[in-house]
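Here are some exercises to work through with the model open in your viewer. Try each task before you read its solution.

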Amino acid sequence: MANLLFDSLFKPHEGSDKIFLTNADKFSMSYAEFLELAGRISNALGEIGVKSGDRIALQTAKSPHALAVYAACVRSGVVFLPLNTAYTAPEVEYFVRDSGASLVICDPGSAAELRPIAEQAGANLQTLDGAGQGSLADLVAKQTADFEIVDRDEDDLAAILYTSGTTGRSKGAMLTHKNLVSNARALVDCWRFTADDVLLHALPIFHTHGLFVASNVMLLAGGSMIFQPTFNLDAVIDALPNVTSMMGVPTFYTRLLADPRFDRNLVSHMRLFTSGSAPLLAETHIEFEARTGHRILERYGMTETNMITSNPYDGERRAGTVGFALPDVEVRICESDSGKEVASGEIGVIEVRGPNVFKGYWQMPEKTAEEFRDDGFFVTGDLAKFDEDGYVQIVGREKDLIISGGYNIYPKELELLLDELPGVLESAVVGVPHADFGEGVVAVVVMQPKASFDEAELAGALRERIARFKQPKQIVVLDELPRNTMGKVQKNLLREQFADLLA
Ligand code: MLC
Ligand code: AMP
């Protein structure tokens with residue numbers, strides 16, 4: 001036995017003095033230092049009583065230490081469960097309970113709120129802040145760095161990442177060692193990453209993009225990362241001259257293009273810009289090339305599947321498309337109901353099969369079965385067609401999902417909360433064009449007879465219950481919701497009616 005993920009990504013760097021993570025004058029950590037820290041964290045986890053196969057939920061600011069917790073989990077055979085820092089306590093409570101996490105690691109500032117939640121769920125709680133301080137760090141400081149690598153099968157879990165669902169209940173996508181390593185290998189090859197690369201990492205590390213696409217790829221390639229805590233335009237512009245590559249969501253690129261400092265000179269030395277997690281408008285792609293001379297390489301993926309397609313490194317990076325299936329990944333476009341492949345050029349749902357595709361949803365065998373075809377293809381819910389040269393062109397989504405600045409927001413989750421508020425009869429939540437985030441959330445409510453509509457009051461009621469980024473940018477009231485003859489709310493009409501509200 002071995003530990004595929006640790007042996008592939010981390011072990012080769014043991015003892016290496018090469019810089020792995022750095023950020024201006026704030027920190028600089030070699031691979032050896034990072035792995036020593038991870039070893040000490042593994043020992044601390046053992047002291048807390050965390051065993052292989054257990055889950056650890058982590059909701060902390062991005063830092064080298066937080067990434068080292070991921071490395072420690074892999075080494076100890078523990079399942080890593082990173083959580084968006086914007087999630088509120090009630091949201092975290094669901095993830096901790098559902099996953100049965102035995103340890104919650106949070107920022108010291110949220111410890112008071114999360115401790116009772118952890119206790120109720122029978123989990124230990126430790127703190128870690130963005131500077132690597134906290135009760136976990138105190139425990140870690142007392143440990144040695146030596147730690148045996150725990151054996152894992154390639155189909156064992158490495159991580160669970162929660163994704164919201166169309167029913168409003170979040171599902172934990174179970175990702176195995178094989179899923180993560182196969183995808184990292186494919187991306188390193190396709191995008192030609194080497195130890196000479198320096199990646200500008202300004203993405204959060206609680207999602208597939210920042211954690212697996214960016215960090216796993218750089219670990220496998222043996223490169224370095226400028227590891228910034230958030231996307232800050234000034235800091236990104238300052239760092240660009242020192243990197244060879246950057247990965248971003250489209251909002252990163254539209255924000256850069258809106259800044260006159262972002263020009264050809266600043267990025268003339270760059271090797272690669274990639275974009276994903278949300279659609280990159282063809283006009284952004286074209287404007288980017290005109291400004292910088294670089295063509296952004298757009299790729300497409302999902303939490304459940306890791307990366308699925310990518311535009312070619314050498315061939316034409318075609319605006320408005322996400323390219324071709326990655327090596328070993330099969331992609332087909334099918335009719336939603338029958339599952340029959342559509343004729344070339346016709347629109348259907350993207351289905352995917354390969355070593356990248358997850359093992360299923362944590363403790364939800366029925367939900368898992370619903371989203372797979374009998375022959376093992378996973379149904380993504382994304383609508384697309386192959387263009388005349390076989391590039392996948394995403395044209396929309398069959399699932400009722402809003403993607404705002406690269407974060408997913410499921411309308412159902414918000415509608416369920418809105419419908420419970422006093423005075424609200426019913427609601428419909430839609431995504432409309434947003435100048436900065438691509439899509440923004442608009443909530444449409446119908447009030448009960450005699451109840452009055454107060455936008456600030458409704459917004460206030462949502463505030464403590466759901467992450468800020470999911471909250472509507474605007475709440476509007478209508479006398480009734482448009483419905484078709486079957487009684488189904490016609491969200492397309494609402495999207496049209498409010499198309500200019502956030503643009
Ligand atoms: C922040 N806010 C958002 C938001 N991000 N609102 C809607 N959508 C978003 N994405 C809100 C905050 O709640 C706050 O609201 C206000 O904007 C300012 O917050 P901020 O934290 O200062 O925002 P900012 O730093 O500007 O963040 C924007 C961003 C960030 C684009 C940099 O959202 C981001 O890093 N996005 C990347 C997401 C990502 O990594 N996705 C990958 C998923 S994996 P208020 O009301 O308090 O003012 C995946 C698979 C794949 O999809 O294929 O990769
Ligand atoms: P998540 O569940 O957060 O992993 O988000 C996955 C979803 O993001 C996919 O199902 C797509 O809808 C969307 N997505 C990812 N990359 C792209 C892209 N390049 N273009 C359009 N949509 C994308």
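**Exercise 1: Backbone oddities**

Q363 sits in the loop that runs between strand 18 (360–361) and helix 12 (365–370); helices (H or I, at least four residues) and strands (E, at least two) are DSSP runs, numbered from the N terminus. Before going on, note that this is a predicted model: local features need pLDDT of at least 70, side-chain atom pairs count only at pLDDT 80 or more, and totals for chains, interfaces and linings use all residues. Residues are numbered from 1 along each chain as its sequence is written, chains are lettered from A and ligands numbered from 1 in the order in which they are written, and side-chain values use heavy atoms, leaving out hydrogens and water.

Task: Find the sign of phi for Q363, then do the same for A24.

Solution. Step one: Q363 is not a glycine, yet its phi is positive, at about 50 degrees. Step two: check the cover. Q363 counts as exposed because its relative accessibility is 60% (buried means under 20% relative accessible area, exposed over 50%, partly exposed in between, with a 1.4 Å probe and protein chains only). Step three: turn to A24, another residue other than glycine with a positive phi, near 45 degrees. A24 belongs to the loop between strand 1 (19–23) and strand 2 (27–30), and at 62% relative accessibility it is exposed.

**Exercise 2: Helix 7 and what follows**

Task: Compare the span of helix 7 with the expected one, then look at the residue that follows the helix.

Solution. Step one: helix 7 (residues 177–191) has 15 residues, and its first and last C-alpha atoms are 21 Å apart, close to the 21 Å expected at 1.5 Å a residue (the expected span is 1.5 Å times one less than the number of residues). Step two: list buried positions; among them are L180, V181, A184, L187, V188 and W191. An α-helix has 3.6 residues a turn, so residues three or four places apart point the same way. Step three: R192 follows helix 7 with a positive phi, near 60 degrees.

**Exercise 3: Salt bridges**

Task: Which acidic partner does R192 have, and where does it lie?

Solution. Step one: the partner is D314, in a salt bridge of 2.7 Å, N to O (a side-chain nitrogen of Lys or Arg within 4 Å of a carboxyl oxygen of Asp or Glu). Step two: D314 is in the loop between strand 14 and strand 15 (324–325), and R192 in the loop between helix 7 and strand 9 (198–201), so the pair ties together parts 122 residues apart in sequence. Step three: at 58%, D314 is exposed, while R192, at 39%, is partly exposed.

Task: Are E415 and K491, the next pair, buried or exposed?

Solution. Step one: their side chains meet in a salt bridge (2.6 Å, N to O). Step two: E415 is in helix 13 (residues 411–420) and K491 in helix 15 (residues 491–497), so to speak distant parts of the chain, 76 residues apart. Step three: both E415 and K491 are buried.

Task: How many salt bridges does the whole structure hold?

Solution. A search finds 28. One network of salt bridges links E316, R318, D387, E388 and D389.
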